[in-house]
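Dear colleague,

Please find below the structure that I am handing over to you. A summary of what was found in it follows directly after.

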Amino acid sequence: MKVLISRKTGNYYYYNGIGEYHCKEGFLTEEQLHSGENILINSKQREFLIFEANKHDEFQKIKRGPQIITEKDLGYIIARSGIDKTSHIVEAGGGSGGATTFFGRICKSVHTYEIREDHCKIIETNLKKFELDNVELTLGDLAEHIETIDKDSLDLLFLDMPEPNMVLEKNLDALKSGRYVICYLPNVSQLLEVAKLIAEKQHLYIEEVTEVQTRHWRIWERVSRPEFRSDQDFTAFLMFLRKN
Ligand SMILES: C[S@@+](CC[C@H](N)C(=O)[O-])C[C@H]1O[C@@H](n2cnc3c(N)ncnc32)[C@H](O)[C@@H]1O
């Protein structure tokens, strides 16, 4: 895949490598697109930059079903959890595989559980796109599987599901001591429900609750102001629960 950026509008377009490319700003011929030039002038005399897509570009184009976690939140989760290429992760629900593809690129192994078959199909498509062979996908409820996972085998348990307490109230022996359960919680009511359970069971320590905010700026000729972007808004609370 190639990325085209219009110099005039700043719009991004994604070219799959076949044929001409048409968009509302005009078109580019197949010959131009394969010329090896990195600046192209289209049919409306607009200048386009052309690049090979990187993983960030591919992430923008992944198949979407349920709401995907944002890059701003994933970046913090990866940095804050201390995971690396030796880490083994279990996550639920898989959703569209947004978090799965990130963890898969960084960690030794990822096992994702997803309760809905239609969502599993989306995840499978996205895993193929990212050519990940270290990810296992199970159709099922993580709450029913968590106690079957080997003791002290996990470096991270990531929960992006409506009712994380279904998993948290189980025996979490699979998670190594000092490692995290991270709950991704779009609602404050969910956050309070988890906090209540932890207070009762005391098997985890609430080390941090964070909301990640980014602010993107548009620097464009005489315009310099914050961008209007949906991912600048609130997305979710990140709750870091440390296993003792
Ligand atoms: C918001 S989506 C997760 C999005 C995902 N993190 C991503 O980045 O694409 C929540 C998913 O959790 C799944 N789910 C809900 N309860 C579950 C459970 N007990 N076990 C496994 N998956 C579950 C839902 O079917 C849904 O696909």
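I begin with Q202, which counts as exposed because it has 9 C-beta neighbours inside 10 Å, and a residue with 12 or fewer falls in that class. Please bear in mind throughout that this is a predicted model. Q202 lies in the loop between helix 8 (188–201) and strand 12. Its phi is positive, about 55 degrees, although Q202 is not a glycine. Most residues other than glycine have a negative phi, and most peptide bonds are trans.

Q45 also departs from that pattern, with a positive phi near 60 degrees in a residue other than glycine. Q45 is found in the loop between strand 5 and strand 6. It has 8 C-beta neighbours inside 10 Å and therefore counts as exposed.

The strands on either side of Q45 form a hairpin, with five residues between strand 5 and strand 6. Strand 5 (residues 39–41) pairs with strand 6 in the antiparallel sense over three bridges, and I41 stands opposite E47 of strand 6. Strand 6 (residues 47–52) is also joined to strand 1 (residues 2–6), again in the antiparallel sense, over five bridges. Within that pairing, S6 has F48 as its bridge partner in strand 6.

Further along the chain there is an open sheet of seven strands, in the order 9-8-7-10-11-15-12 and with mixed pairing. Strand 9 (135–139) and strand 12 (204–210) stand at its edges; each has a single partner strand, so one side of each is left without a neighbour in the sheet. On average, neighbouring strands of this sheet are turned by 15 degrees against each other, direction ignored. The partner of strand 12 is strand 15 (residues 237–243), and the two pair in the antiparallel sense over six bridges. In this pairing, T210 stands opposite L238 of strand 15.

Turning to the interior, the largest nonpolar core has 42 residues. The residues with the most contacts inside this core are I89, L156, L157, L159, V181, I182 and C183. Strand 11 (residues 175–185) gives the most to the core, with seven residues. Leaving aside residues up to four places away in sequence, I89 touches I83, F103, C107, V110, L154, D155, L156 and F158. A second, separate core of seven residues includes L4, Y21, F48 and I50. F48 of this second core is thus the residue already named as the bridge partner of S6.

The model also contains a ligand, and 23 residues surround it. The closest of these are G93, G95, S96, G98 and D160. Helix 4 (98–106), strand 8 (109–114) and helix 6 (142–145) are the elements that give two or more residues to the shell around the ligand. By class, the shell divides into twelve nonpolar, seven polar and four charged residues.

One of the closest residues to the ligand, G93, deserves a separate remark. The peptide bond from A92 to G93 is cis, with omega near -15 degrees. G93 lies in the loop between strand 7 (88–92) and helix 4.

Yours sincerely

Key:
Residues are numbered from 1 along each chain as its sequence is written. This is a predicted model: local features need pLDDT of at least 70, side-chain atom pairs count only at pLDDT 80 or more; totals for chains, interfaces and linings use all residues. Two strands pair if DSSP finds at least two bridges between them. Helices (H or I, at least four residues) and strands (E, at least two) are DSSP runs, numbered from the N terminus. Axes are lines fitted to C-alpha atoms, for helices over the stretch in contact, and angles run from 0 to 180 degrees between N-to-C directions. A nonpolar core is a set of buried Ala, Val, Leu, Ile, Met, Phe, Trp, Tyr and Cys residues joined through C-beta atoms within 7 Å. A residue is buried if 20 or more other C-beta atoms lie within 10 Å of its own, exposed if 12 or fewer, and partly exposed in between; C-beta atoms are placed from the backbone. Two residues are in contact if their C-beta atoms, placed from the backbone, lie within 7 Å. A residue is near a molecule or strand if its C-beta atom, placed from the backbone, lies within 6 Å of it. Ala, Val, Leu, Ile, Met, Phe, Trp, Tyr, Cys and Pro count as nonpolar, Asp, Glu, Lys and Arg as charged, and the others, Gly among them, as polar.
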